[in-house]
Amino acid sequence: MKTIVTHDVSETEDIGRQLGEKIISSDKKHFIAMYGDLGAGKTAFVRGLASCLSPGSRVKSPTYTIVNEYRKGLVPLFHFDLYRIGDTSELDGFGFDEYLAGGNCIAEWSENLGDMLPDGAVKVTIEKLDDVSRKITIENFDL
């Protein structure tokens, strides 16, 4: 487990980018489970991750679409927002398992996955310390 404190949005994005670089060098697909309150910086972290895994992609929160697909890298990146998932049976309706098999996945609001959280998931928790500072904890992956 590693904990990093960032002091602005660009530092939060940079930590995401560093994780993206490590994922590329690991040469395997990963599921990144994100945790944090509204406004904690989850989407900023994803922007940094996508800058490596899907360079040039425009990252935004997929709140109303549930998943955004970024396909500009060697392996697709699927960005989920599970905030509105009522129960895990809804995941079958949009092919969650196919996404898991098809590329790297990152999911905001992963607490809504319950027991469907994939084994070996990288866990990223972002906590607001103040208006700009964040405490980012990464588990199950060496950064």
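Two rings of Phe, Tyr or Trp (taking the six-membered ring for Trp) make an aromatic pair when their centres lie within 6.5 Å. On that basis the structure, which is a predicted model, holds five aromatic pairs.

**Aromatic pairs**

Let's start with one of those pairs, Phe31 with Phe96. Stacked or edge-to-face? The cut-off for edge-to-face is over 60 degrees between the planes. Phe31 and Phe96 have their planes at 75 degrees, with ring centres 6.2 Å apart, so this pair is edge-to-face. The contact also ties together distant parts of the chain, since 65 residues separate the two partners. Phe31 belongs to strand S2 (residues 31-35), while Phe96 belongs to helix H3 (residues 96-102).

Buried or exposed? Phe31 has a relative accessible area of 7%, so it is buried. Phe96 is buried as well, at 2% relative accessibility. Both rings also belong to a wider group: Phe31, Phe78, Phe80, Phe96 and Tyr99 form one aromatic cluster.

**Helices H1 and H2**

Next, the helices. H1 (9-26) has 18 residues, which should span 26 Å at 1.5 Å a residue, and the end C-alpha atoms are indeed 26 Å apart. Its buried residues are Thr12, Ile15, Gly16, Leu19, Gly20 and Ile23. These cover an arc of only 140 degrees around the axis, so they sit on the same side of H1.

Arg17 is also in helix H1, but it counts as partly exposed because its relative accessibility is 27%. From the C-alpha of Arg17 to that of Glu69, 52 residues away along the chain, the distance is 18 Å.

H2 (42-53) has twelve residues and runs 16 Å from its first C-alpha to its last, close to the expected 16 Å. How many of its twelve residues are buried? Ten are, so H2 is mostly covered. The buried set is Lys42, Thr43, Ala44, Phe45, Val46, Gly48, Leu49, Ala50, Cys52 and Leu53. Note that Lys42, at the start of that list, is among the buried residues.

**The largest pocket**

If you're after a pocket, the largest one holds about 230 Å³ of space. Its lining consists of Ile23, Ile24, Asp27, Lys28, Lys29, Cys52, Leu53, Gly73, Leu74, Val75 and Asn104. Which elements give two or more residues to that lining? Those are helix H1 and helix H2. By character, the lining splits into six nonpolar, two polar and three charged residues.

Some names turn up again here. Ile23 is a lining residue and also one of the buried residues of H1. Likewise, Cys52 and Leu53 line the pocket and are among the buried residues of H2.

**Backbone oddities**

Most residues other than glycine have a negative phi. Asp27 has a positive phi of about 60 degrees although it is not a glycine, and Trp109 has one of about 65 degrees, again without being a glycine.

Where do they sit? Asp27 is in the loop between H1 and S2, and this residue also lines the largest pocket. Trp109 is in the loop between strand S5 (104-108) and strand S6 (122-128). Their surroundings contrast: Asp27 is exposed, with a relative accessible area of 71%, whereas Trp109 counts as buried at 12%.

**A few long-range distances**

Ile4 lies in strand S1 (residues 2-6) and is buried, with a relative accessible area of 14%. Gly56, on the other hand, is in the loop between H2 and strand S3 (67-70), where it counts as exposed at 64% relative accessibility. Here are the C-alpha separations for these two residues and for Arg17.

| Pair | Separation along the chain | C-alpha to C-alpha distance |
|---|---|---|
| Ile4 and Ala121 | 117 residues | 19 Å |
| Gly56 and Gly36 | 20 residues | 26 Å |
| Arg17 and Glu69 | 52 residues | 18 Å |

Definitions and conventions: Residues numbered from 1 in each chain as written. Predicted model: local features only at pLDDT ≥ 70, side-chain atom pairs only at ≥ 80, totals over all residues. Heavy atoms only, no water. Phe/Tyr/Trp six-rings, centres within 6.5 Å; stacked < 30°, edge-to-face > 60°. Helix = DSSP H or I, 4+ residues; strand = E, 2+ residues; numbered from the N terminus. Buried < 20%, exposed > 50% of the residue type's maximum accessible area, 1.4 Å probe, protein only. 1 Å grid on protein atoms, 1.4 Å probe; cavity = no way out; pocket = protein on both sides within 12 Å on 5 of 7 lines; lining within 4 Å. Points joined across faces, edges and corners; volume = space filled by probe spheres on them. Nonpolar A, V, L, I, M, F, W, Y, C, P; charged D, E, K, R; others polar. Expected span 1.5 Å × (residues − 1). Arc of directions from axis to C-beta.
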